[in-house]
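Me: I am new to reading protein models, and I would like a close look at a single part of this one. Could you walk me through it slowly, in plain words?

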Amino acid sequence: MDRPPPDPQKLLDAWMEWERGETPPGRVMSQLKTGGLRDLLEAMVADLPAAVVATGAPEE
């Protein structure tokens with residue numbers, strides 16, 4: 001089964017629910033995982049220059 005692409009707005013909504021204390025951390029982690037946070041982060045890292053990924057230093 002193919003997973004739908006990550007929805008950044010849904011991921012942010014889940015995070016904000018946790019920050020407001022509306023959702024317990026375990027539930028938020030589940031929402032972030034099933035919502036595709038890993039895929040989103042991997043895509044972002046893939047778009048960074050190799051030097052930034054290796055050192056963690058911001059681009060200048």
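Reply: Happy to! Let's start with a term: a helix here is a DSSP run of H or I at least four residues long, and helices are numbered from the N terminus. M16 is found in one of these, helix α1, and W18 is found in helix α1 too. Please keep in mind that this is a predicted model.

Before zooming in, here is the whole chain. It has 4 helices and 0 strands, so the order of elements from the N terminus is α-α-α-α. Of the 60 residues in the chain, buried ones make up 12%. About 5100 Å² of the chain is exposed, and carbon and sulfur atoms supply 61% of that area.

Now for the part I would pick: helix α1 and the loop that follows. How far apart should the ends of α1 be? The helix has 12 residues, and at 1.5 Å a residue, counting one less than the number of residues, the expected span is 16 Å. The end C-alpha atoms are 16 Å apart, which agrees. At the N-terminal end, D7 acts as a cap: one of its side-chain oxygens lies 3.0 Å from the backbone nitrogen of Q9. Just after α1, G21 takes a positive phi of about 80°.

Let's look at the surface next. L12, W15, M16 and W18 form a nonpolar patch there, with about 360 Å² of accessible area together. Two members show how accessible such residues are. M16 has a relative accessible area of 31%, so it counts as partly exposed. W18 has 35%, so it is partly exposed as well.

W18 also leads us towards the loop. Leaving aside neighbours within four places in sequence, W18 is in contact with T23, P24, P25 and V28. The C-alpha atoms of W18 and V28 are separated by 6.5 Å, although these residues are 10 apart along the chain.

T23 deserves a pause. This residue sits in the loop between α1 (8-19) and α2 (25-34). Is T23 buried or exposed? Its relative accessible area is 11%, which is under the 20% cut-off, so T23 is buried. What does T23 touch? Setting aside neighbours within four places in sequence, its contacts are E17, W18, V28 and Q31. With E17 there is a polar contact between the two side chains, at 2.9 Å.

Charged residues come into the picture too. Side chains of opposite charge can pair when their charged atoms come close. The count of salt bridges comes to 2. One of them joins R20 and E22, with the closest N and O atoms 2.9 Å apart. R20 is exposed, and E22 is exposed too.

The other salt bridge takes us away from our chosen part, to helix α3 (residues 37-46). There E42 pairs with R38, the closest N and O atoms being 2.8 Å apart. Why are these two about one helical turn from each other? They are 4 residues apart in the helix, and that separation is about one turn. E42 has a relative accessible area of 41%, so it is partly exposed, whereas R38, at 61%, is exposed.

To retrace the path on your screen, begin at the D7 cap of α1, move on to G21 just after the helix, and finish at T23 in the loop before α2.

Definitions and conventions:
Residues numbered from 1 in each chain as written. Predicted model: local features only at pLDDT ≥ 70, side-chain atom pairs only at ≥ 80, totals over all residues. Heavy atoms only, no water. Buried < 20%, exposed > 50% of the residue type's maximum accessible area, 1.4 Å probe, protein only. Polar contact = N/O pair within 3.5 Å; in protein donor to acceptor, adjacent residues only side chain to side chain. Contact = heavy atoms within 4.5 Å. Salt bridge = Lys/Arg side-chain N within 4 Å of Asp/Glu carboxyl O. Patch = residues over 30% accessible without salt bridge, like charges linked within 9 Å, V, L, I, M, F, W, Y side chains within 5 Å. Areas by Shrake-Rupley, 256 points an atom, 1.4 Å probe, with all protein chains shown as cover.
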